[in-house]
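Open the model in your viewer and keep the selection tool at hand. The stops below can be taken in order.

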Amino acid sequence: DTAMAAQMTDAHRRFLHVLMSKGITEGSEARKLHQHCCETDKVYYAHDKLDDFISTINRHLQPLFMQIRKGMSEEDGRAHYAVVNLAETEVTKMASDYTEIELELFRKTMDLIILSENGFASSTDILNLADKLKTKKMKKKEAEQLLKVFVEDKWLSEKNGEYTLHTRCIIEMEQYILSNYQDVARKCNICRSLAVQSQVCESCGIGMHLPCVRKYFKAQTEPRCPKCNEFWSCDIP
Amino acid sequence: ELVQFLLVKDQKKIPIKRADMLKNVIREYRDAYMEIVSQAGRILQETFGLQLVEIDPKLHSYILISSLPCAEANHPCRAKEKEKMGLLIVILSFIFMKGNAVKDSALWEFLRWLRVHPGEQHEIFGDVQKLVTEEFVRQKYLKITPIPLMDPPQFSYQWGPRAAQETSKEDILNFVAKVQGKNPKFWTSQHNEATA
């Protein structure tokens with residue numbers, strides 16, 4: 001890694017602007033954006049230098065306790081980038097956008113999701129939570145509306161009436177989740193990152209992301225657990 | 001810390017008051033206030049390409065403006081905000097083309113023509129009256145002043161300080177020209193004003 005003190009150019013700033021406004025950006029979009037920014041601001045562009053480009057920005061973000069972080073979507077395995085806040089372990093970005101009671105519902109929903117088998121919480125279960133909040137009871141309609149906002153703002157994603165954490169949320173809160181849910185949160189055996197949705201080995205209990213499972217067992221005729229070698233009982237995605 | 005505070009506050013597009021900065025972030029370092037603020041301004045410019053601009057010298061309130069050349073999406077905002085911005089651009093255009101100030105009756109008649117009615121819940125904008133007279137004003141995009149000696153009271157709508165910073169008369173004129181498929185020079189007096 002060259003110590004060539006890379007300066008922030010307008011291309012870097014524009015890239016950062018867009019990343020911050022979108023909340024989360026998929027890998028190929030990020031590459032297109034990199035090209036667009038370099039072309040718009042007439043900065044030297046090399047298509048394989050995205051990581052260096054991002055490192056330059058991160059060097060400048062470091063004293064501000066911010067970072068552009070890369071994470072994997074648990075749905076399709078694709079890389080995504082998000083600008084995250086490292087300063088506090090609390091849900092800081094959210095703290096400025098939502099009220100106390102909304103944050104409480106989110107935290108309780110996150111509990112449900114992390115403690116669940118499959119990484120999802122049903123809307124019924126979440127709405128029941130709304131009734132039991134400490135701050136103040138929340139009406140069902142309010143909770144339903146709030147869930148829509150959480151999805152819109154990319155903290156949660158919804159599938160068939162069930163909710164899980166959005167990739168953006170996982171990238172931003174991975175450290176917070178791993179330290180606050182130490183005993184419960186699972187790490188993927190293959191990539192070692194937090195796994196909210198996972199397949200679990202029935203014998204030894206290790207977990208793996210669905211895309212990681214797919215990749216790992218691709219070449220194998222007989223899917224066997226990488227740790228205990230027992231036959232892998234779940235359907236390969 | 002101040003940089004983060006400014007970024008977060010500015011996301012809501014509400015101007016940041018010096019008093020808030022002192023109370024929430026600077027606190028015991030009051031004496032170094034100027035130094036801290038200018039340092040924050042340097043970081044905002046260097047890392048984010050944002051300028052800290054004072055829009056009210058009396059109240060000492062500030063906003064962040066992008067200093068990137070021809071930034072298309074000038075302000076980080078959610079998808080929903082883009083629709084509101086669309087409506088705002090239309091209103092700013094109307095005000096500029098009509099000589100920089102319009103009466104509220106004229107503006108609402110214009111919006112009615114676009115099928116946006118005050119007092120009715122619009123499917124995209126919701127309570128439009130609130131959006132235009134409260135939210136846009138609070139965000140300093142519009143300025144509404146009562147016209148003296150009018151009974152019943154009437155108001156004059158003008159561009160607010162944020163609008164003047166985030167866009168320009170020239171950009172707005174080009175927008176109008178594009179929409180109407182005409183050359184901006186078609187409107188001689190506005191063109192002269194915009195390119196002055």
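A patch, as the word is used here, is made of residues with over 30% relative accessible area and no salt bridge, like charges being joined within 9 Å. Keep in mind throughout that this is a predicted model.

**Stop 1: a charged patch on chain B.** Select Lys9(B), Lys12(B), Lys17(B) and Lys23(B), which gather on the surface as a patch of positive charge. Lys9(B) sits in helix H1 of chain B, residues 2-11. Its relative accessibility is 34%, so Lys9(B) counts as partly exposed.

**Stop 2: chain A as a whole.** Now show chain A, which has nine helices and ten strands. Its C-alpha trace spans about 55 × 55 × 30 Å along the principal axes. Of the 237 residues in chain A, 46% are buried.

**Stop 3: salt bridges.** Over all chains, the structure holds 15 salt bridges. Select Asp41(A) and Arg14(A), whose closest N and O atoms are 2.9 Å apart in one of these bridges. The pair links distant parts of the chain, 27 residues apart: Asp41(A) is in the loop between helix H2 (27-40) and helix H3 (50-61), and Arg14(A) is in helix H1 (residues 10-22). Are these two buried or exposed? Asp41(A) is buried, because its relative accessible area is 14%, and Arg14(A) is buried at 2%.

Move to Asp52(A) and Lys49(A), a salt bridge with 3.9 Å between the closest N and O atoms. Here Asp52(A) is partly exposed, with a relative accessible area of 36%, and Lys49(A) is partly exposed at 42%.

In chain B, select Glu166(B) and Arg162(B), which form a salt bridge with closest N and O atoms 3.3 Å apart. Both lie in helix H7 (residues 161-166), four residues apart, about one turn of the helix. Both residues are buried. Then select Asp10(A), Arg13(A) and Glu46(B), which are joined into one network by salt bridges that share partners.

**Stop 4: two distances in chain A.** Select Ala79(A), found in strand S3 (residues 79-85), and then Gly27(A). The two are 52 residues apart in sequence and 5.2 Å apart in space, C-alpha to C-alpha. Next take Thr221(A), in the segment after helix H9 (210-217), and Lys32(A). This pair is 189 residues apart in sequence and 38 Å apart in space, C-alpha to C-alpha. Thr221(A) has 83% relative accessibility and therefore counts as exposed.

**Stop 5: an annotated span.** Finally, select residues 188-229 of chain A, which an unreviewed UniProt entry annotates as "domain: RING-type". The end C-alpha atoms of this span lie 16 Å apart, and the span is 19% helix and 14% strand.

Terms used. Residues numbered from 1 in each chain as written. Chains lettered and ligands numbered in written order. Predicted model: local features only at pLDDT ≥ 70, side-chain atom pairs only at ≥ 80, totals over all residues. Heavy atoms only, no water. UniProt positions renumbered as here; feature names shortened; annotations may be inferred. Helix = DSSP H or I, 4+ residues; strand = E, 2+ residues; numbered from the N terminus. Patch = residues over 30% accessible without salt bridge, like charges linked within 9 Å, V, L, I, M, F, W, Y side chains within 5 Å. Areas by Shrake-Rupley, 256 points an atom, 1.4 Å probe, with all protein chains shown as cover. Salt bridge = Lys/Arg side-chain N within 4 Å of Asp/Glu carboxyl O. Lys, Arg positive; Asp, Glu negative; His and termini not counted. Charge placed at Lys NZ, Arg CZ, Asp CG, Glu CD. Buried < 20%, exposed > 50% of the residue type's maximum accessible area, 1.4 Å probe, protein only.
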